[in-house]
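Student: Could we go through this structure together? I would like to know what stands behind the terms people use for it.

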Amino acid sequence: MARAATPAPAKPVQKRAGEVLLDIRDLSQTYPKAAADDLLVLDEVNLTLSAGEIVGLLGRSGVGKSSLLRIIAGLTRPAGGELRWRGRPLTGPSEDIAMVFQSFALFPWLSVLENVEIGLEPLGLSVKERRSRSLQAIDLIGLDGFENAYPKELSGGMRQRVGFARALVMQPELLLMDEPFSALDVLTAETIRTDLIDLWMDGKLPLRSILMVSHNIEEAVLMCDRIVLVAGNPGRVADEIRIDLPHPRSRTNPVFRELVDDIYGRMTNPSSTGARAEREAAEADQAGGMGLTLSGVSTNELAGLMETVAADPFAGKADLPELAESLQMEADELFPLAETLQLLRFAGLARGDIRLTAAGRKFVQSDVDARKKLFAEQLLAHVPIAALIRRVLDERPAHRAPYRRFSEELEDFMSEEFAEETLAAVISWGRYAELFAYDDQAEAFSLENPA
Amino acid sequence: MPVHHPALTALKFRRLAPSIWDVVIFAMVIGAFALIALAGRETLQPLAVAAAPISLDPAVLPHYALRTTLRMLLAMAASLIFTFAFGALAAKSRRAETVLIPLLDILQSIPVLGFLSFTVTGFMALFPGQVLGVELAAIFAIFTSQAWNMAYSFYHSTKTIPRDLRDLSESLRLGAWRRFWALEAPYAAPGLIWNAMISMSGAWFFVVASEAISVGKTTVSLPGVGSYVALAIAQHDLVAVGWAVFTMFVVILIYDQLLFRPLVAWAEKFRIEAPAGAPEPGSWVLDLLQRAEFSRRLFRPVGGFLTSLASIRLGRPMTLAPAIAKAWESRYADWLWYSLLAALGLYAAYRATEFIGVGVGWRETLWVLALGLFTLVRVVVLIALASLIWVPVGVWIGLRPQWAERLQPVTQFLAAFPSNLLFPMAVALIVRFHLTPDIWLSPLMILGAQWYILFNVIAGTRAFPGDLLEAAASLRLKGWTWWSKVVLPGIFPSYVTGAITASGGAWNAAIVAEVANWGDTRLSAHGVGAYIADATQGGDLRRVALGVAVMAVYVVLFNRAVWEPLFAAGARQLQTD
C-alpha cells in the first residue's frame, strides 16, 4: 500500500540501514477498566521498524497511538500478539529504547544535569563517566550553560531539550516520541524539529531509528520517512505512506502540499481502507448506533465552523488543510468538529473536503430559536443515544431517569471513559437543543426546564 | 571534552575562611549533641533512681522541656518511618490498600489516650524496672497522635504523582528503592512536612497526659513539662502552670524557627507548581545553613553519603514466571485474600467480644452507646458554635493579607497550646458558681480544636479568586447575599476540612474534658469520654476497650455519613470545568 511520491534521493547511510529492529505481529490491547472484557483499543496491529528510518504514527485522538507507543516502551503489556526487538521478545522497558514525553516529564527538584544523569544510574557507570556522558548529551542538544538550572527556570523549548538529552544520554537504538512538540508554541516546535532532523541527517544522534506519535499532519510529513495511519475502533494500521522527499523539506513545495492533502483525504475517508471499515460500520449498526463514541465539542464551535464554511472564501465547501490553516487549528482539533457536523448531517466529508448540506446552510441563516429547533431535529434523527434518552424520559411517568441508566447501556459497547465523554457531549447538546435537562448533583436526566 | 560545570568553577573562587555563621552553626551542632547525650543517659537509669519526685521549681523547666521535646522528636522519627512503610505499601499494592486505608481511618478515630492505657503495661513489661519501658509508652502515645495524618498525606501524594513521571521512572528502570527516593519521597515532601508540623502542634495536648501515666495502681511521672503541669494541677499551683505555659511557648518558638520553618522553605523546591497568591516561605536558618561555609562542608559528605544510600539498586523488577504472575493477579487470588481477611476479622471480633463480654453485660453496652450519643451531641453543638464565631472572623482576616500574615504564627501557637492547661480554671469557676458539669465542662472539648476551623477558613479565604470578589463588589452584593452566594460556597471545602479536624480533636479531648480535676475537686459529665477516663483510672481494661470501640464507631460513622458527603458536594460545586 506504500507509495512513492518522488524518486528516492540519496540518503545518508545510517548504521546498517534496513535491518529490522522492531517487529510487531497481530498485537491487540484491551481497555484497562472496561465493563466488558473484550473491548479492544488496538486489534491486529502489524508494524515493522527498520534501522535508519523515522516513522510517524498518525491518527485521531483516542485511536490507540499512545497505547501502542507505551507497549513498545515496555510500560504496559499487550493483551495479545507478538513484539520482537531485534529478534528477541520484548517484555518490559529495554535499555535500547528511550522515550520523550509530551509533558517533558522532568523531575522539578533535579537540575538539568541531574535530570539527564539519573537515567544512567541503573547502568552502574562510574560517577565520572556518568558526568562526562551527560555533559556530552547536554552539549549535543544545545543546552550548554543550563546545566545547573532547574526545570521551572526554563522555557518549554529548553525543557523539552532536557527531555531529549535525557533520552539520548542512554545511547538508545530506538527513540520513542509521544507528541513531543505539541506542548510547545509554533516557533519553538519548529526550531527543535529542525535541530533534531539536522542532527539525525548528520548522523550525530546515537540512534538507529525514531518512532513518533503525532497529531499534526504537516509535522509528520516534515520529519518522517514513513507515516503509519492508525484508524478505527479498535485501532488498526489503516494505511502506510512512504515519504521520500529530501531534507530539509519545504512546506511550500507542491509535492509536500500534495502529500498533506492526500493524508487529510485518507483520514477523512476511512472507507478507503476497505472491507474492514465496512465490517466496523456493520457492527456499529447492529448495536443500533449505540457504539458510536461522541467527542465533546461545543455547539458554539459547531456553529462557528458552519458559519466559516458558509462564508467567503469557502462559500459552502472547504478544503480541510486550508480550513485548518485559516482557523489556525491542528488537524486533530478540526476532525472531531467536522465529523460531528457530518454525524448530524449538517455537512458531508469526502476526499479531504467539507461541504455544508441543506440543513447546514439553513442553520447558518436561522436565528437563535430556529437554530435550536433545527439542532434538536438533527440530534434526535441521527444520534441514537440522544433519541433514547428523550424516549425514556417521555415514557416514564415522572419524566426522570438516572445517569446510570444510559451510561451502563453505553458501557456494553465502549470503555467507561468513552461512555462518560459521550454522555457529556450528549448532555451539552441536549441542553442546547432544549431536549432534556440534566441535574449534575442528583445525576439524573429530566424533562423539567427551569422556566 | 573539557568539563564546564558552573558549580565546580565557582567553587574554586569561593573563599575558604570561616565566616561568623560557621561559629554559630558549629555551636548549635555541638550543643545539640551534648544535650541529646545528657538526656539519653538518664533514660537508661533504673526506675527507682529516675523516679525522683517532680519538682515545681521553674529552674528545672529547661531540663524538662528538653526531655519532652526529645520524646516528641523521637515519636516524629517513628511516625516518619511508619509513614514511609505504610504509604508506600498502600499505594503500591491494591490488596494492601483495601485493608490499610480503612485501617488508618479507624486508627485515627481511636482516642490517643485509649492507646496509652493499653500499651503502657506492655511496654513496662518489656523493660522491667527501667525507665525505658515507660518512656517508650509515652513516646508511643505521642506517636499515635502524630502518625495517621502524615501517613495519609504520603499515601495521597504517592497516588497523585503525575503519570508521566511514573512512566519515566519505569522506563529508566530505576528500581523500587531508587524510585522511592528520586520520585515518591520528594513529590510527597511539601505535604508531608506540613502535616508533620500540624502533628507536632497536636502532640502537645497528649504530652501533658502521657508523661504522668497512671493505669490502675501503676503511677509513673517521667521528667517533662507534662508531669510538671500534672503536679502543678494537683497542688493548686497557678504560678507553676504559668511557668509551664511560658516554657512551652519558648519551645514551640525554637523548634518552629530551627526545624519546621527551614524544612518548609527547603521543601518548596519539591513543589511542581507553587500555590497561587501565597508568598514563598523563607527561613533565616535555612539561609544561614546554605551560606555558611562550615555547614556546606559538613553537609556535603553527609549529603553525598545519603545520595549514595538512595542510589543503591534494590528491588530490581521481579520477573515472576508468567503462570504465577497470572495466578497472583487473578480474581481467585482476590477471593482467597478477601476470605482470609474475613476469617481474621471474624476471629478478632470473637476474641474482642469474649474479652469485653466478661463482666460487661448488654445493659452496660447499651448504656455506653447512649453515653456516646451524649458526647456526639456535645461535639455537634460545639462545632456549630465554634463555626458561628470563627467563620466570620476567619473570613475577615483572610480578606486582609497583612493581618493574615501576622496572625498565622499566632493561630499556630494557639493550636499547639494544650488546652488541658486551662481546665483547672474552668473547674474552679464551675465549682464557684455551682454550674452543671454536663453543660459547662463541654466547652473544654473544643478549646484546642476550634483553631483548626479558624486557620482553614483563613487559608480558604486567602485562596478565594480575587476576580470573583471584585465581580461581587461591582455587582454591589452585600449582606446575606454576599455571604451565602459568594464567600461561603467558595470556602466551603476548606471549612469542612477544618471542621473534620476540629471534630476529631473534640472527640479526642472528650476523655480529658468530660472529667476535670483541680486538686481534690473532680467534676464529671455524662459521656463516653468520662466513661473511658474512669475505666482507665480504675485499671479496667475491658471497659476501656468497650468505650474506645464505641467512640471509634461513632467517629467513623459520623465522618462517613456527614463530613465526607459534605466535602464531596462542596468540592464538586467549586469545579469550574
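Tutor: Happily; here are some questions about helices, domains, contacts and strands.

Tutor: This is a predicted model, where local features need pLDDT of at least 70 and side-chain atom pairs pLDDT 80 or more, while totals for chains, interfaces and linings use all residues. Residues are numbered from 1 along each chain as its sequence is written, and chains are lettered from A in the order in which they are written.

Student: What makes residues 112–126 of chain B a helix?

Tutor: A helix is a DSSP run of H or I with at least four residues, and a strand is a run of E with at least two, numbered from the N terminus. Helix α6 of chain B has 15 residues, so the length requirement is met.

Student: How do you know that its span is close to the expected one?

Tutor: The expected span is 1.5 Å times one less than the number of residues. For α6(B) that gives 21 Å, and the helix reaches 21 Å from its first C-alpha to its last.

Student: Where does α6(B) bend, and by how much?

Tutor: At B:T119, by about 40°. The bend is the angle between axes fitted to the seven residues ending there and the seven starting there.

Student: Why are some residues of α6(B) called buried?

Tutor: A buried residue has 20 or more other C-beta atoms within 10 Å of its own, with C-beta atoms placed from the backbone. B:F115, B:V120 and B:M124 are among the residues of α6(B) that are buried, so each of them reaches that count. Across chain B, buried residues make up 36% of the 577 residues.

Student: What makes two domains of chain B touch?

Tutor: The domain assignment, automatic or from a database, gives domain 1 (16–318) and domain 2 (359–577). Residues are in contact if their C-beta atoms, placed from the backbone, lie within 7 Å. By that rule, 29 residues of domain 1 contact 31 residues of domain 2 in chain B. Helix α6 is one of the elements giving two or more residues to the domain 1 side.

Student: How many residues does the contact take from chain A and from chain B?

Tutor: 21 from chain A and 24 from chain B. Helix α3 (residues 127–140) gives the most on the chain A side, with three residues.

Student: Why are β1 and β4 of chain A called paired?

Tutor: Strands pair if DSSP finds at least two bridges between them. Five bridges join β1(A) to β4(A), which run antiparallel, so the criterion is met. One bridge partners A:R25 with A:E82 in β4(A).

Notes:
Buried ≥ 20, exposed ≤ 12 C-beta atoms within 10 Å, placed from the backbone.
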